[in-house]
Amino acid sequence: MKRDKKEQRTHKGGRFFQSLQSKYLLIILSAFLFVPIVFPVATILYYLLGVAVQQQDMQVLKYGNTSQIELMFHQQAAELSGASNLHINDTLHKLRERYPDASFFWVDGNGKTKLELGGQVGLPVIWSNEDSIQFMKEYTGSDTFTVVAFIGDKPLGQGFMAMQLPRSLVQSNTPLISGAPFYILFLILVFLFFVALSLLFFRHIRTRLLRLQAAMTRRGEEGLPLPVEVNKHDEIGQLEIAFNEMILQLRAGRQREREEEELRKELIANLSHDLRTPMTVMGGQLYTLHKEPLSQSGRETVKQLEHKIDTVSSLIENLLSYTLMTSGRYPLELAPQDVLRLVRESAASWYPLWEREGLAADIELPEQPLVWSVDKEGFRRILDNLFQNAVRHAAEGGYIGVAVIQHGEHSALVISDRGPGTQSASKEKGAGIGLAIVHYLVREMGLAWHIDSSAAGTRILIYPEAAAGYFLNKI
């Protein structure tokens with residue numbers, strides 16, 4: 001038990017780290033840690049980069065940088081405190097040997113130029129204050145690097161000495177890295193990194209959601225959505241799992257519906273077959289009663305029983321036929337047929353019954369054949385059901401008409417009566433199954449039909465499906 005609980009906690013923990021929420025929180029946490037961590041890291045990197053540049057400059061410069069040369073020259077001048085002119089000259093000669101590209105001179109405390117090394121041009125023999133100021137103005141910031149140092153520890157006590165070098169020898173041409181642009185560039189790069197990371201995160205989510213949406217619109221052989229492949233167990237993965245489970249439930253429900261439908265059709269077919277035998281026996285018994293001496297009331301009763309038996313037998317036949325049709329076991333063989341010849345044959349067989357029921361038949365059919373691609377027996381079944389429907393529900397109108405109407409190149413067969421209409425007929429038991437069979441056969445033969453019913457009677461039109469829009473607009 002404890003082990004199961006531990007495994008559940010481990011599973012939940014693993015699911016948390018795989019969830020989209022944890023990944024998004026990781027991005028947010030990284031963004032919050034950006035300022036206190038990235039800035040120190042950037043400072044260290046900048047310092048290391050500056051040190052590397054300095055070391056590179058030191059390797060390139062022949063005599064070192066300006067700060068080093070200034071420090072060296074001032075130290076040499078300070079060490080010459082109280083030295084003789086000969087010692088000062090000797091010191092400058094040694095510096096000349098160390099820095100052969102440099103020029104040196106020194107001026108004593110009386111302003112007289114004592115030594116010139118390097119061939120300076122235009123140095124005054126006796127220096128005035130104006131000469132000193134002019135010298136400093138001329139060489140400050142110029143291409144010649146100039147260092148002036150007082151000799152000894154007392155300014156102008158022993159005079160001063162000067163050192164001049166081409167600035168290219170003591171100052172690198174490599175530009176120094178500015179701190180502000182580096183920081184700005186680094187911040188922009190990190191910001192773009194977080195933006196790109198967020199876009200990739202949400203793009204991945206959008207791609208998976210669109211894939212799930214596409215799977216919902218695809219249909220398999222059974223008309224059901226196809227399952228999706230589950231690659232991750234995050235929130236979208238759980239949604240995909242639930243979607244696949246829903247598909248499995250729909251398939252199971254569809255399978256149960258098919259089984260129940262097959263069972264229902266088989267039950268109806270068996271019942272229809274089993275009911276035929278007692279109905280046949282009852283019909284035979286009624287035929288025997290006709291031979292017996294009966295009163296007028298008895299004969300009327302037998303007649304009513306025969307009528308009801310015929311009605312029930314017809315309903316059983318329709319029920320069996322409809323079951324066969326909906327189960328795909330009622331084959332139709334379409335072929336060009338003269339439907340008017342089929343109408344005449346069917347009307348001739350029904351004529352005695354119409355006459356017995358008091359229906360005046362009005363048959364007006366043209367002599368020219370009307371050829372449609374239909375199944376012969378199926379089309380006769382359509383006519384029989386419509387004629388039988390008129391006998392059952394429109395006999396009180398005393399009229400049945402069969403005609404053909406023509407609109408341009410299109411023809412339609414019209415069967416009409418003067419009964420109370422299909423609204424009244426539909427309230428009778430079994431009135432709908434006959435019309436359902438008509439609807440199925442008409443559709444399967446590529447035809448169309450329309451019922452125009454009112455209190456004055458019913459008119460049924462049958463025509464090719466290609467002419468459906470034309471006739472519906474004319475009705």
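Trainee: Which residue's side chain meets that of Arg443 in a salt bridge?

Mentor: Let's start with the rule: a salt bridge needs a side-chain nitrogen of Lys or Arg within 4 Å of a carboxyl oxygen of Asp or Glu. This predicted model holds seven salt bridges by that rule. For Arg443, the N to O distance is 3.4 Å, and the partner is Glu444.

Trainee: What pLDDT must side-chain atom pairs have to count here?

Mentor: Residues are numbered from 1 along each chain as its sequence is written, and side-chain values use heavy atoms, with hydrogens and water left out. Because the model is predicted, totals for chains, interfaces and linings use all residues, local features need pLDDT of at least 70, and side-chain atom pairs count only at pLDDT 80 or more.

Trainee: Is Glu444 buried, partly exposed or exposed?

Mentor: Buried means under 20% relative accessible area, exposed over 50%, and partly exposed in between (1.4 Å probe, protein chains only). Its partner Arg443 is at 46% and counts as partly exposed. With 37% relative accessibility, Glu444 is also classed as partly exposed.

Trainee: Which residues are joined into one network by salt bridges that share partners?

Mentor: Side chains of opposite charge can pair when their charged atoms come close. Here, shared partners link several salt bridges, and the network consists of Arg341, Glu345, Glu377 and Arg380.

Trainee: How many residues apart are Arg380 and Glu345, which share a salt bridge?

Mentor: Nitrogen and oxygen are 2.6 Å apart in the salt bridge between Arg380 and Glu345. The pair links distant parts of the chain, from helix H11 (residues 376-393) to helix H10 (residues 339-357), at a separation of 35 residues. Helices are DSSP runs (H or I, at least four residues) and strands too (E, at least two), all numbered from the N terminus. Both ends are partly exposed, Glu345 at 33% and Arg380 at 24%, and their sequence separation is 35 residues.

Trainee: About how many helical turns separate Glu377 and Arg380?

Mentor: Glu377 also bridges to Arg380, with the closest N and O atoms 3.3 Å apart. Because the two sit three residues apart in helix H11, their separation is about one helical turn.

Trainee: Which residues of the largest nonpolar core touch the most other members?

Mentor: A nonpolar core is a set of buried Ala, Val, Leu, Ile, Met, Phe, Trp, Tyr and Cys residues joined through side-chain atoms within 4.5 Å. Of the 35 residues in the largest one, the best connected are Trp372, Phe379, Ile382 and Leu386.

Trainee: Which residues is Leu386 in contact with, beyond its neighbours within four places in sequence?

Mentor: Contact means heavy atoms within 4.5 Å. Once those sequence neighbours are set aside, the list for Leu386 is Ile415, Leu435, Val438, Trp449, Ile460 and Ile462.

Trainee: How many residues are in the other core that lies apart from this one?

Mentor: Among its members are Ile88, Tyr99, Leu117 and Leu165. The core's size is 24 residues.

Trainee: How many residues of strand S4 are buried?

Mentor: Strand S4 covers residues 160-166 and is largely enclosed by the rest of the structure. That follows because the buried count, out of seven residues, is six.

Trainee: Which residue in S4 is the bridge partner of Thr146?

Mentor: Two strands pair if DSSP finds at least two bridges between them. Strand S1 (residues 103-107) runs antiparallel to S4 with five bridges, and strand S3 (residues 144-150) does so with seven. Phe105 is matched with Ala162 in S4, while Thr146 is matched with Gln164.

Trainee: How much accessible area does the nonpolar patch with Leu189 have?

Mentor: Patches take residues with over 30% relative accessible area and no salt bridge, joining like charges within 9 Å and nonpolar side chains (Val, Leu, Ile, Met, Phe, Trp, Tyr) within 5 Å. Areas come from the Shrake-Rupley method with a 1.4 Å probe, and for residues only the protein chains shown count as cover. Leu189 lies in helix H7 (residues 179-217). Its patch, including Ile184, Phe191 and Leu199, has a combined area of about 780 Å².

Trainee: How far apart in space are Lys62 and Ser168?

Mentor: Lys62 is found in the loop between helix H3 (34-60) and helix H4 (66-79), and is exposed at 54%. Sequence neighbours within four places aside, Lys62 is in contact with Asp101 and Leu169. Lys62 and Ser168 are 106 residues apart in sequence, yet their C-alpha to C-alpha distance is 9.7 Å.
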